[in-house]
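Please open the structure in the viewer and keep the selection tool at hand. The stops below proceed from one selection to the next.

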Amino acid sequence: MADKEAVRLAERIVRGAFGNLIGDVAHVLLNRGRLNLPEICHYTKLKSRSAQGVLIALIQHNLVWHSEVAQGEKFVEFFEFNLKECLLRLRWGRILALTEDEFGSDAMQIVRLILGRGKMRLPEIITAMGVEEMTEKGPREARRLQISRLVLDLLSTSHIVPITAKLHQAPFDEMLQRRRAAEKDLGMATQRAIATVRSQVMEDIRQERRNEQDPETAILRAQKKKSNGVTTESSDKKVKGGGYADQVDPAAHLRINYEKYDLKLRNKLVESAVASRWNRPAGYVMKALLQATAESQTYMRQTLSAPVSVHGLLQSMTDNEKDSLALGFGAKTPAKKERMGELLAAYAALLSGDDDGNITKNDSVFLEKDISTGRSSGNMYRVMFEQTCGTMKRQLLEQVVEQNWGPRAKRIVKVMLHGGKMGEQSISTTAMINLQDCRALLGQMHESSFIEIQQIPRSADRAANRTIFLYYVDLSHAYASILSMLYKTLGNLAQRRQAELDKHKDLLERANRTDVLANRDLLSARDSLDLTTLEETMDKITTAELKTELNVFILRDLPGGPEAVRFDDPFSI
């Protein structure tokens with residue numbers, strides 16, 4: 001079941017984007033679960049036609065799943081809210097920034113259009129970009145070709161993916177049907193066999209959904225004719241004259257691939273973690289390693305990257321990054337070109353923990369040496385996504401504990417994360433905290449679900465004075481508590497934003513007049529001051545939202561840690 005604060009936040013997002021009418025339907029689906037059309041009409045007091053229009057709008061924006069379930073001799077259509085898709089709308093700002101950095105402003109406008117309309121086809125994108133409004137034929141065709149190239153580039157790199165009618169259907173009904181059929185064939189099976197079958201069913205559905213979103217299905221590959229009359233797929237991306245041989249299928253509906261942008265954001269966080277733990281040049285090496293394995297990074301559930309050799313990283317590093325490699329080890333001047341390979345090997349040994357020869361790897365290790373490759377190919381390394389992201393989650397947990405209960409509580413949590421289940425006397429001694437203060441902090445953190453207690457009775461009557469109490473950190477409960485706090489913060493920020501806009505409604509109407517937009521000096525001194533104050537307030541709210549949403553991304557979407565926290569679609573690729 002979804003967290004109540006996440007439900008509250010999703011409802012605010014829908015109301016802010018679509019208005020109260022669609023917000024009422026979203027409220028019913030979020031709080032009452034899966035419903036059919038008559039039930040939605042009953043709870044929202046809407047007419048059937050109005051409710052159908054609202055549901056079509058929500059399905060267009062990928063916020064609602066639908067499915068047909070057999071009830072007797074007829075099929076009944078049910079609708080279910082896609083909570084994860086709604087919460088991902090908070091990440092739109094980062095998505096647009098990443099797109100503009102890599103592809104330019106025109107690509108960013110294309111992504112903005114697709115985000116705002118849910119899904120679009122290529123002709124609709126070209127029209128929305130204002131190509132058809134151009135009067136001269138030459139510039140219009142050139143602009144049309146430019147937009148088509150950008151869409152093809154975004155599609156080829158999986159930043160946008162095709163979407164089909166099957167992907168709008170709730171996958172859970174199909175999963176249950178396949179599970180029942182598979183378990184029926186097993187007969188009298190063990191729990192392990194049943195778990196294996198269930199896992200295989202989910203993996204099969206994931207693979208089918210990946211195939212449905214395969215960019216190749218939306219690309220019309222150019223064909224070139226050989227002399228013998230046999231047509232084959234063209235290997236050239238461009239044809240004579242600068243035009244593209246491959247084209248985007250105009251009938252394919254395209255949507256944003258959040259998974260691709262999540263991978264980019266994860267890589268940036270890993271790079272920042274390395275730079276924070278060691279230094280900036282080490283971060284550059286990790287950045288080059290991630291770029292070298294970018295093609296093999298296809299989904300967030302990956303725990304390790306593909307193996308890569310450090311000797312080929314110099315090609316993807318800038319001159320400033322190369323010059324800083326020697327400076328990271330304390331040199332006064334940049335190293336010569338002949339020593340670059342030696343420096344990269346030293347950084348790889350540092351990041352993999354091989355520089356000190358310790359058998360036990362700690363949280364400072366980001367790479368793993370791949371032992372499957374031979375010596376002739378040199379040392380190959382893999383990026384340890386699961387361990388690195390797990391470390392980031394635990395650091396976030398420690399930060400939250402320190403903010404709420406102080407540095408001594410942080411020491412207690414670190415002791416329990418390292419030692420597991422411990423008694424209060426052991427915790428007090430190891431953390432070097434007075435026993436009375438330690439008890440008080442343990443009680444406060446237990447009340448907030450950051451710490452759990454296991455009771456071990458020493459007698460049959462289970463009396464408290466003859467019971468051993470062991471304290472431990474249940475990461476699943478702790479992360480869920482922090483997520484609930486973060487969702488509540490995001491909801492409060494959205495509420496504050498709306499309150500500020502309502503409070504200054506008249507000021508915004510005056511500021512958005514055509515003449516004032518052309519010349520802001522037409523506003524009075526008081527209005528100019530109030531407008532500046534409002535803009536500063538909105539900037540602070542936006543900054544707080546970005547920081548909070550980034551923490552949500554770390555806890556909920558990154559690998560490493562309990563799967564129970566990831567309440568999202570289990571069939572996500």
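**Aromatic pairs, a helix and two charges**

In this predicted model, begin by selecting Phe329, which counts as partly exposed because its relative accessibility is 44%. Add Tyr347, which counts as buried, at 1% relative accessibility. Phe329 and Tyr347 form a tilted aromatic pair, with 4.5 Å from centre to centre and 45 degrees between the planes. Phe329 belongs to the loop between α14 and α15, whereas Tyr347 lies in helix α15, so the pair ties together parts 18 residues apart in sequence.

Extend the selection to the whole of α15, residues 340-352. With 13 residues at 1.5 Å a residue, this helix should span 18 Å, and its end C-alpha atoms are indeed 18 Å apart. Its buried residues include Met340, Leu343, Leu344 and Leu351. Among the elements that cover the buried residues of α15 are α12 (258-277), α13 (280-292) and β11 (367-370). Select next Gly353, which follows α15 and has a positive phi, near 80 degrees.

Aromatic pairs number three in total. For another of them, select Trp65 and Phe172: the ring centres are 5.7 Å apart and the planes are at 70 degrees, so this pair is edge-to-face. Since Trp65 lies in strand β2 (residues 64-71) and Phe172 in helix α10 (residues 171-186), the pair ties together parts 107 residues apart in sequence. Trp65 is buried, with a relative accessible area of 8%, while Phe172 counts as partly exposed at 24% relative accessibility.

Finally, select two arginines. The charged end of Arg266 sits over the ring of Phe385, 3.6 Å from the ring centre. Arg277 lies over the face of Trp278, 4.3 Å from the ring centre.

Notes
Residues are numbered from 1 along each chain as its sequence is written. This is a predicted model: local features need pLDDT of at least 70, side-chain atom pairs count only at pLDDT 80 or more; totals for chains, interfaces and linings use all residues. Side-chain values use heavy atoms; hydrogens and water are left out. Helices (H or I, at least four residues) and strands (E, at least two) are DSSP runs, numbered from the N terminus. The expected span of a helix is 1.5 Å times one less than its number of residues. Buried means under 20% relative accessible area, exposed over 50%, partly exposed in between (1.4 Å probe, protein chains only). Contact means heavy atoms within 4.5 Å. Rings of Phe, Tyr and Trp (its six-membered ring) pair if their centres lie within 6.5 Å; planes under 30 degrees apart count as stacked, over 60 as edge-to-face and the rest as tilted. A charge sits over a ring if NZ of Lys or CZ of Arg is within 6 Å of the ring centre and within 35 degrees of the ring normal.
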